[in-house]
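This report looks at the enclosed spaces of one protein model and then at its charged side-chain pairs. Please keep the sequence and the structure at hand while reading.

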Amino acid sequence: MSSTAGKLVTSRSELNIEDYLPSGSSIQEPRGKLRLLDLIDISPTLTEAAGAIIDDSFTRCFKSNPPEPWNWNIYLFPLWCFGVVVRYCILFPLRCLTLAFGWFIFLSTFIPVHSLLKGQDKLRKNIERVLVEMICSFFVGSWTGVVKYHGPRPSIRPKQVYVANHTSMIDFIVLEQMTAFAVIMQKHPGWVGLLQSTILESVGCIWFNRSEAKDREIVARKLRDHVQGADNNPLLIFPEGTCVNNNYTVMFKKGAFELGCTVCPIAIKYNKIFVDAFWNSRKQSFTMHLLQLMTSWAVVCEVWYLEPQTIRPGETAIEFAERVRDMISLRAGLKKVPWDGYLKYSRPSSKHSERKQESFAESLLARLEEK
């Protein structure tokens, strides 16, 4: 058996790959120049191949990576069971009581203030601002949130806007407990939508529907009006437009950078040692996301208020947005990717893809002719 194997190895080593190649005379060289039609014929295949690579790196931005199991042996499994009992039977009920107590204080104060002080707008806004900060603090407390803030606390000034990377809707809560921001946010259904249309509108929040094109013009006008007001709450925008898994930053929308005002970057980085704070809205409702946070050990994150930025002479809004994204990505240790986050919700049309294929084929043909 061993001698036979030895002969096989010897015979394989003596093989010459050139013996199996056709002779030079049998290889026919292509005649004529490469035509545009030839490139268009193969461009769909190339596009599909490139699209597979792009889709792979794109979807990585919106995937939650489950932690590796550590309770895999007889010594660690009892410790894991003890942790489950502590988190679900002790911490979770206490956190529910904490959040319920916070809502009781908030509603018993907010409703009378909102109803009885309509003639005193300035006083009402100040009290409602404090109450919104308070209820957000109760939310963070219900997760045993450990948040470390770096830099000066945001202040109310006209002609400035704050932009931050986006991991979950709790980004707003984490930032709101320090400063009552007016946020730009997607309109949500259910109890979250009820809070948006009642409580959060009191701090000047602006809602939009991603599926309606008319909302873009309305929101753009509201943004310009808001940043001009001296007494309005600071405006907070998540320019990525969707939740990313806190490992990457996708392309920033340029709307926040076309307002002609100072842009104040905010970098948020969550520590996944206790829980992954990324909210995958396609697989999990926000209620389940909150339950996941409330049954974890803690939510740990850091927030950096970075140096305010203004657009430079000759700099476009897109270049300005990329420069701010560079600052946030560097500070939070996030990887930049060139994808549009809205592709998470919709794919490009077939006509747009065909135009891109023809444009790619023409540019490739021009380069080949130059050579």
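## The largest cavity

What volume does the largest cavity have? In this predicted model, the volume of the largest cavity comes to about 250 Å³, and the structure holds two cavities of 30 Å³ or more. The lining of the largest cavity is made up of 17 residues, and those closest to its centre are Phe139, Phe172, Ile173, Leu195 and Leu200.

Several helices contribute to this wall: helix H3 (77-116), helix H4 (121-142), helix H5 (170-176) and helix H6 (190-198) are the elements that give two or more residues to the lining of the largest cavity. As for chemical character, 16 of the lining residues are nonpolar and one is polar, while no charged residue is found in the lining of the largest cavity.

## The second largest cavity

The second largest cavity contains about 40 Å³ of space. Its lining is formed by Arg157, Pro158, Lys159 and Gln160, together with His226, Val227, Gly229, Asn232, Asn233, Pro234 and Leu235. Sorted by class, the residues around the second largest cavity are four nonpolar, five polar and two charged.

## The second largest pocket

Turning from cavities to pockets, the second largest pocket holds about 800 Å³ of space. Its lining comprises 28 residues, and Pro67, Trp70, Arg87, Phe274 and Val275 are the ones that lie nearest its centre. Helix H3 supplies the largest share of the lining of the second largest pocket, with seven residues. The lining of this pocket divides into 14 nonpolar, nine polar and five charged residues.

## Salt bridges involving helix H4

The structure holds eight salt bridges. In one of them, the side chains of Arg124 and Glu128 come together with an N to O distance of 3.6 Å. Because Arg124 and Glu128 are four residues apart in helix H4, about one helical turn separates them. Are these two residues buried or exposed? Both Arg124 and Glu128 are buried.

A further salt bridge joins the side chains of Glu133 and Arg153, with an N to O distance of 3.8 Å. Glu133 lies in helix H4, whereas Arg153 belongs to the loop between strand E1 (145-150) and strand E2 (160-164), so this pair ties together parts that are 20 residues apart in sequence. Glu133 has a relative accessible area of 14% and therefore counts as buried, since the cut-off for buried is under 20%.

## The salt bridge between Lys336 and Asp326

Lys336 and Asp326 form a salt bridge in which the closest N and O atoms are 2.3 Å apart. The pair links distant parts of the chain, with Lys336 in strand E9 (residues 335-336) and Asp326 in helix H9 (residues 317-332), 10 residues apart. Lys336 has a relative accessibility of 36% and so counts as partly exposed, and Asp326, also at 36%, counts as partly exposed as well.

Which residues are joined into one network by salt bridges that share partners? The network consists of Glu322, Arg325, Asp326 and Lys336.

Note on methods. Residues numbered from 1 in each chain as written. Predicted model: local features only at pLDDT ≥ 70, side-chain atom pairs only at ≥ 80, totals over all residues. Heavy atoms only, no water. 1 Å grid on protein atoms, 1.4 Å probe; cavity = no way out; pocket = protein on both sides within 12 Å on 5 of 7 lines; lining within 4 Å. Points joined across faces, edges and corners; volume = space filled by probe spheres on them. Nonpolar A, V, L, I, M, F, W, Y, C, P; charged D, E, K, R; others polar. Salt bridge = Lys/Arg side-chain N within 4 Å of Asp/Glu carboxyl O. Buried < 20%, exposed > 50% of the residue type's maximum accessible area, 1.4 Å probe, protein only.
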